[in-house]
Amino acid sequence: MDVLRESNWVLSVGTFLPLVGVIVMLFIPKADEQLHKLVALVTALATLGVGFFTLTQFDFDQAGKLQFFAETEWIKVISSNYTIGLDGMSLPLYFLSMVVTVLVMVYSWNHIPSPGNAKAFLILMLILQTGMAGTFVAQDLILFFVFFELVLLPMYFMIGVWGGEDRQYASLKFFLYTMFGSALMLVGFIALFYQARGVLPEGVEPSFSIPQLAEYGGLIGRSAQIWIFGGMFIGFAVKVPMFPFHTWLPDAHTQAPTQGSVILAAILLKLGTYGFVRIAIPILPEAAKEWAPWIGLLAVIGIIYGALGCLAQTDMKRLIAFSSVAHMGFVMLGISTLTPMGFNAAIFGMVAHGLITGMLFFVAGSVKDRYHTLEIARLGGMLKQMPRLGWILGFCAMASLGLPGLAGFWGEFPAILSAYSPAAGLSEVTFRVYMVIAALGTVLAAAYLLWLFQRIAFGEPKPEFAGESHDDHGHGEHSHDDHGSDIHDVNIFEWIAWTPFLLAIVVFGVYPQLMFKIIDPAVQVALKAFGG
Amino acid sequence: MLHSILAQIPWKSPSVDYHAIAPEIILAGGICLIILVDLFTSETKKWITASLTGFVMLGALVPVLTLAVSDINVRSLFDGRYVVDEFALTLKALFLIAGYVVVLLSQNHVEEGDYYQGEYYTLLLASVAGMVMMASSRDLVSIFVSLEMLSIPGYMLAAWRKRDRKSNEAGIKYYLLGVFASAIMLYGMSLLYGVTNSTLLSDIGRELTVKGQFGGVQALAITFTLVGFAFKVSAVPFHSWAPDTYEGAPLPVTAFLSVASKAAGFVALVTLIYVGFPQAQDVWQPFLWVLAAITMTVGNLLALRQTNIVRMLAYSSISQGGFILMPLAVAGTGDAAGPALQSVVVYLIVYAAMNLGMFAVVIAASRTTRSGEISSFGGLFSYAPGLGVLMTIFLASLAGIPPLGGWIAKFTAFRAVLEAGGNWGYALAIIGAVNSVIAFGYYGSIMREIWMRPAPNGETSAVKTPSSLIAAMVITTTATIVFGVLPGAVLRFGDLADLTGAFGR
Amino acid sequence: MLTTQFLLLGAVLFCIGVYGVLARKNAVMVLMSIELILNSVNINLLAFSVRHGSVDGNTFALYVIAIAAAEVGVGLAMVLLIYRNRRTIALDDLSEMKG
Amino acid sequence: MLAQEMTSEVVASSGWFLEHAWLIPVIPAIAFVLIIFFGKKMPMKGSELGVLSMLSSLVFSGGAAWQWIQRVNSVVDGAHEAVVEGAHHAAPYVQPVIHEWTWWQSGGFHFGIGQHIDGLALTLLVVVAFISSLVQIYSLEYLRGDRRYTHFFAALTLFSAGMLCMVLAPNMVQLILGWEIMGLCSFMLIGHWWEEEANSRAALKAFFTVRVGDMGLLIGTAILFFSANNWTQKNLGVSGFNISGLSAWAMSGEASHSALTWGAVALFIACIGKSGQFPLHTWLPDAMAGPTPVSSLLHSSTMVVAGVFLVARLYPIFWEGMKIGDTNINFIVLIGGITIVIAALLAFVQHDIKKVLAYSTVSQLGYMMMGLGAGAWLPAVFHIFTHAFFKACLFLSAGSVSHSGSHHSFDMKKDMGGLAKKMPITATTWIISTLALAGVFPLAGFFSKDEIIDNVGHNGYNAFMIVGLTGAFLTAAYMTRATYLTFFGEARGAAAGIHHDEHDEHAVVDTHTSHDTHVAVDPHDVHTDHGPHESPKLITVPLMILAALALTAGLSNATPFGESWERFKKYVEPGSEYVMVGSEMAPEHGAEVVEISAVSMSVTSEEEVAEEGCAVVAPEAGMVCYFPTISHAPFKWSKAALSLIIVAFGLVSSWLFCVQYYTRRNKRLVGLTERNKVLRGGYTFLWNKCYLDELYEKVIVHSIAHPIAKAAYWANQNILDGIVNGAGKVSRRVAGWVYRNIDQRVVDGAVNGSGAAARGTGGALRPVQSGKVNQYGALLFSAAAIGALILVIINT
């Protein structure tokens, strides 16, 4: 079966299936929480099933081409179509989003944050899933924009309703930031459309289709390209987030409920970087070359800056949030080199960061459940009270600081590597300086993560919690305590939700080719314009 | 003898296409009918007038549809002074449906407020009739007449709650400023007539010499004429009546004013610009550019500071008006005319849907909260999830968040501006983009109240919403969502609405 | 030709009317000023129609007069209403709603 | 240059073990996973898995080594037949057994993971597998009852996996993989008893310091990759990560020199961090906070030599990049030399026996580096080999002492002394290894260390030969001191069975059983009552094995006894001749055919051979070579004697001094001197003793120990260590400042500020909305008028 054209219903189903679940849940009374959880979980699982089917049908030998390609008329008058397709660059993220949703659902089974109301919470999550999946398959700028925006509101409410003390400020900030970016991005898209219309050869129908624009976008005049790229840059950079636009991230992450943080870290941040590799750079190569040094600069600033931010934190979750700034810095550095190696690193980095940081936020959430605080100063000796949780934290910290053999390394190392020789036309000296700074960033990463690990996991438990440990290390996960203290080791739901993450981190770390094989061809296609 | 006299007078009655003016006729008949019914029904039966009004509106919709499907797509009466083309039909339909929704909104509100129902609905119908006429007027006189016909009932409706000081104030402010504005407009019109020796727009369009070479009188005339409608669409700085009037007037009336009469103003603006002054873009483009820019900005900034939801909606509708003006500001450059007109129509349709829906929810909610303060909506989601979600949908749509109707409206506006291109176009686009962000500042604050704040004074009894309101919400919500998900639906109307008919005789 | 003088008269009346609208605090006086403006419009129309020798101006003027009458009717009714509720028709007192 | 050249086909034999050497790290890796998941439920808590996996890797590496020897023989003999009788030629190049499988791809290039087996790799494989096995056996007893027994063995096993993986890495990326895994395990093992703040801080410090060096590793790899990739892809069809590719590239005259130099420097920085060279050595002594087996395995014999291994592995890069060929001082030799002396001096003033050993390790690593830096490749590698045995033995003995002798204390001054009688076996093994370390003929140390010193001199680095000799003297001296304090003189503290308060904290420092409540039997409660005694078999047997090796290992490359004894030279040192590229990258299945092109020339002495071969003449087209020609110092008893004398002097003088200073220094001696002051005649013998006393006091204590070493130690603790720790503090403080001022005030402030500004303007605009009709009208009309005016003006 030729997946390039046939069975193109798969993606649509995979994208919109969650909405079916939403409709079902709308008719279930609010009180019946268990049923809601069940329906939501089943929906998510069904979606994941479709995802697996996609995986089996995907033609890995042609990973460079768009597969399951579907194009139907959507908004004729503005010549925007419902165009969807999947290639090696989007497949990992598309699939990751489905997995993450399922696992978050599992985690939510007994972790519905206050103030309760599972119905609304799960519905929002399903809507999020649709938005995320849709963004990764959309091959039409307008469609992309719609999905890109679709994730905003659910996340806004997830933070604002189920978040921490300062949730309202954080949620509004998150929203306004992203909105600002995407407004300018939309202007950029439309301007791009009209600019491209001018340079299309005879007989080519102007449209918002990404592949078409990627083919002819290079013909657009240089200055116009630079301006349009600027618009898109702000849109995506806010989402990434890159250095000057990052301040929404720590607040949003810190205030969001665990599930929110996980989805935010695992998928939402990737929408921005994905926008760069899928839209901005392939379509506007000239402008990309102009901007690359500046993007790289902001990226390395972000690396160091995020690391410093981490060292200054007293709150575990906020620290992890800042670490995202640093890690996305590595991703952006890889992208800014405009080389296949850099792009591969970037996309691998996206997935790896999604898994690792998502996992870290899970751990942070569980710590909060146990100790009811995330003050690093008040924590300590976790390895004594909850050996499993402690070691998982250690594992994630190691993965996050880019230890070879774990997924994080393959996002970090090739990115640094690629900075040594950027694409033709970019100043080598500049990027070599960036490389050194980035390498320094890896050291700082080790510093703040181990420091965190030492202060939280090592040593003796603080007196205020010391009394509460009632299970000697060993069979922690069975100790569901209905009486008294909350300090108990990883429970069964957490195991179910986390094991896939941990496995994935190891597997991709040990055999990265699993992903590189899919990404690489697509990346080379995307970088045609650079002779990559 | 008589024959000879008739022979001397060069008068022959014009051939009237009654199918074309059927909607107006039905409305007129409806007005009379309701006055009569009102006379002969007891106080307890007054609700009949309400339902009758609804039927009249829908009845008037029938000929609109038949006209739409009939194969003659341009019917021009009274040698071009009154044209029924697709543009006109689209907007007539819009006005009638909006009017119907307003009736739905009014029903309980008016009943419980024991106002004078018969008169209320009569005036409502009269105003709608004025708008319907406005949609096909292509002559200064007819435009003026229909403008007054839709305004004067508006003045009275605004002051409808006779014993309420605020309502009086709203009415008198609206009235004085409205009359003043139309007086200025008339002065401009008189000058127009003077320089072109015609009141027929298409003639004026021809007479106003080719761009660039005309004197100050024309500029003055055009500006003054536009002022009258800039007032109707409450464009800054001609907006000052809007907040006060909206706040003071009864909620359904506010809905009506903020949607229908604003739309009528835009219709007149569009016909004037496209048919009347196609050559004179050097005059009206800068004028409208400035109006659009400051309208959306000032509207947003002031809205940020409001604590009363109606007043905030007033400012929000002002800034939305700025967005509708945005494409008109560049309608004269390049081939932006088509997209600009399209985006105006689309925006009007979508805006009508979401704003009416918003007011429907506010009316329903304020039945329990009994207050216009934003803070009184705290925790709405917790005790009235349905209303909470609906309000969120409309707010999001107003903020222009996909996939709700609002975004496609904004999108077409941006598209038109960027189609025109040029520094002015891009600058306006950027301003619009920034404003769309600021706008979320206050839309979001309402959402925050609904979702994230506890209910004030622990009011958590479930809200009981009357069926008419529910009907209104269903209509508006469906429209909002459908327009957003399948924009083709609404954009088709925008496409139909070209003004070709205006020039045809 | 007299047209210009008529136009000047119209302009003067217009200005007086505007001044009245802006300066008078009494609702009725404001109404009157607006009537002045409308009449200046009428003068313009008539002057032009004489100049062009077409009837359009006259008809327009007729419409204006008719509608002005209606407007004034509504206006006075509203003023009356206000007077009944507040025993004053000073416009400055009508500023409960602002900001 | 080629007089006449004749090529012949030689069959390089291979074998199963060679072909499947990649299994060697895989076994412990699997064992690690098993221990993690099932360890706790197993009878011996998973330790058996670790030991078994190590033993099997040992068997595998042994087999591989044996087959390698066959392979070399086959090639060399063939080569000998090939050339004219009696003609010398550059050592034949025996092709390593290389397998690579695609691990990741990028931009269409495929990068591999696999094995690169040659003499060097095998040496390390054997050493690592062997020492790991012994240490794990030793730990069975040493850590019995520890609360994280299973974790401990898991970490040990993982470490071995990482080290083995690094040793047989065919390319830089895999090498980095193993390198970092070792770092991780070192972190986990040093911090094994993380209840103590001190331990976890030491662990952090170790990881962090090494990580600083690793920056160099990343950067160096990047530089080399991009400068070499094109060449290697073109000529060898391998990526620029590939180690043999890099070597060939470096030896081919075409490599850009700046790239070589920078790459070499960057990589060497990594080695400084990993191998505890000056000035990044400060983490190593702190690392002694870990359990003794860890110190003996990671921090003396195996992990810390990773840096040395890296230099040896990529020797052509350093050879060319650092210009080792000509005799100017270069970075490596300099660092090595400094490290030798500084570390040795520091070893004098330690009270903690493990710290003495730690510093001695640092200084021995300095020897290796110096050797490599001076072109003494073979002796350096050989020193890795021998040093592993006796240093591991020393640490384990120290552990044994603390385990059974001094009640978990490592303080020589307080808790030891006179243990020789109590713990004969431990004492013997310790003394043997000490002598080996000091380099006494014919023990292991002599053959390696002396060779280093000898070759350094031979290659023209005379200054550093002297440094080396000084080092030898100091080594002998401080080891004697340690020996004396531990095993001789009168028993002190715990060694004497006295229980003073420090015991508990010492107990905390070492095995944690005294705190652990879950253990059924606590063996230490048994013997704390009746003082020191010999350790149980599980401890002593490994000691004895290692001691035996410390005695004999040197014979495996005993230069004094002539060509036939130089097995390392034959089997480990890569040949330095040109090889046709053609047969290079053909995947090897069992035995294959290698083109041997022998350069035959009629020369006699070795020096002249050095004139020919790689790195001296540029290779011709299609020929590459993988190793520079390095000359070997001919063994001369005269030189050996010199160094032996120095060593002997060190031993004896230090011994005498210790006797006087630590034992006789009480009343008896003081009284003696008083007496001889009173009676001014005779007793010259005692006088002489007095003189000797004073002499020793002055010369040694006051001149070496006190001023220099104390100063060095002070500098070490306060300056270097201060820098390392200070870096952390400073960066944290900077971070705080940036976060508070830049992030929260400026960046975030700008954002919130714009929001506030918007609201402010809104507020400012409100008065316009005064509610007064007239003002509204005025606004309306003025706007209209002004607009009209402007438009009229611009349009006329």
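Okay, a definition to get going: I call a residue buried if 20 or more other C-beta atoms lie within 10 Å of its own, exposed if 12 or fewer, and partly exposed in between, with the C-beta atoms placed from the backbone. By that count, 68% of the 532 residues of chain A are buried.

Some housekeeping. This is a predicted model, where local features need pLDDT of at least 70, side-chain atom pairs count only at pLDDT 80 or more, and totals for chains, interfaces and linings use all residues. Residues are numbered from 1 along each chain as its sequence is written, and chains are lettered from A and ligands numbered from 1 in the order in which they are written.

So, chain A. It has 21 helices and two strands; those are DSSP runs numbered from the N terminus, H or I with at least four residues for a helix, E with at least two for a strand. Along the principal axes, the C-alpha trace covers about 80 × 60 × 45 Å. For 532 residues a compact globule would have a radius of gyration near 24 Å, and chain A comes out at 22 Å, which agrees. That radius is taken over C-alpha atoms, and the globule rule is 2.2 Å times the number of residues to the power 0.38. On contacts, I mean two residues whose C-beta atoms, placed from the backbone, lie within 7 Å. Taking the chain A contacts with a separation of 6 or more, 78% are between residues 24 or more positions apart.

Here's a helix pair in chain A. Helix α14(A), residues 340-371, packs on α20(A), residues 492-510, at an angle of about 145 degrees, and the axes are 10 Å apart. The axes are lines fitted to C-alpha atoms, for helices over the stretch in contact, and angles run from 0 to 180 degrees between N-to-C directions. The contact includes Leu355(A), Met359(A) and Phe362(A) from α14(A), and Trp498(A), Phe501(A) and Ile505(A) from α20(A). By class, we get 12 nonpolar, two polar and one charged. Nonpolar here means Ala, Val, Leu, Ile, Met, Phe, Trp, Tyr, Cys and Pro; charged means Asp, Glu, Lys and Arg; and the others, Gly among them, are polar. Why would residues three or four places apart point the same way? An α-helix has 3.6 residues a turn, so they do. As for handedness, the crossing of α14(A) and α20(A) is left-handed, that is, the near helix is turned anticlockwise from the far one by less than a right angle, where clockwise would make it right-handed.

On to chain B. It also shows 21 helices and two strands, and its C-alpha atoms fill a box of roughly 80 × 60 × 45 Å. Of its 505 residues, 69% are buried. The globule value is near 23 Å for that length, and chain B has 22 Å, which agrees.

Which backbone spots in chain B should you click on? Start with the cis peptide bond joining Val236(B) and Pro237(B), omega about 5 degrees; Pro237(B) lies in the loop between α9 and α10. Then Pro402(B) to Pro403(B) is cis as well, with omega near -5 degrees, and Pro403(B) sits in the loop between α16 and α17. Finally, Asn197(B) has a positive phi near 55 degrees without being a glycine. You'll find Asn197(B) in the loop between α7 and α8, and it counts as partly exposed, with 18 C-beta neighbours inside 10 Å.

Chain C next, and helix α3(C), residues 56-86. Its 31 residues should span 45 Å at 1.5 Å a residue, and the end C-alpha atoms are 44 Å apart, which agrees; the expected span is 1.5 Å times one less than the number of residues. Buried residues in α3(C) include Phe60(C), Val64(C), Ile67(C) and Glu71(C). And what do the buried residues pack against? Against α6 and α7 of chain B, together with α2 of chain C. Just after α3(C), Arg87(C) takes a positive phi of about 60 degrees. Arg87(C) is exposed, with 8 other C-beta atoms within 10 Å.

Last stop, chain D. How many residues of chain D are in contact with chain A? There are 43, touching 45 residues of chain A. Helix α7(D) gives the most to that side, with 14 residues. The side of chain D that touches chain A splits into 24 nonpolar, 11 polar and eight charged. With chain C, the contact takes 11 residues from chain C and 10 residues from chain D. The chain C side has six nonpolar, two polar and three charged residues.
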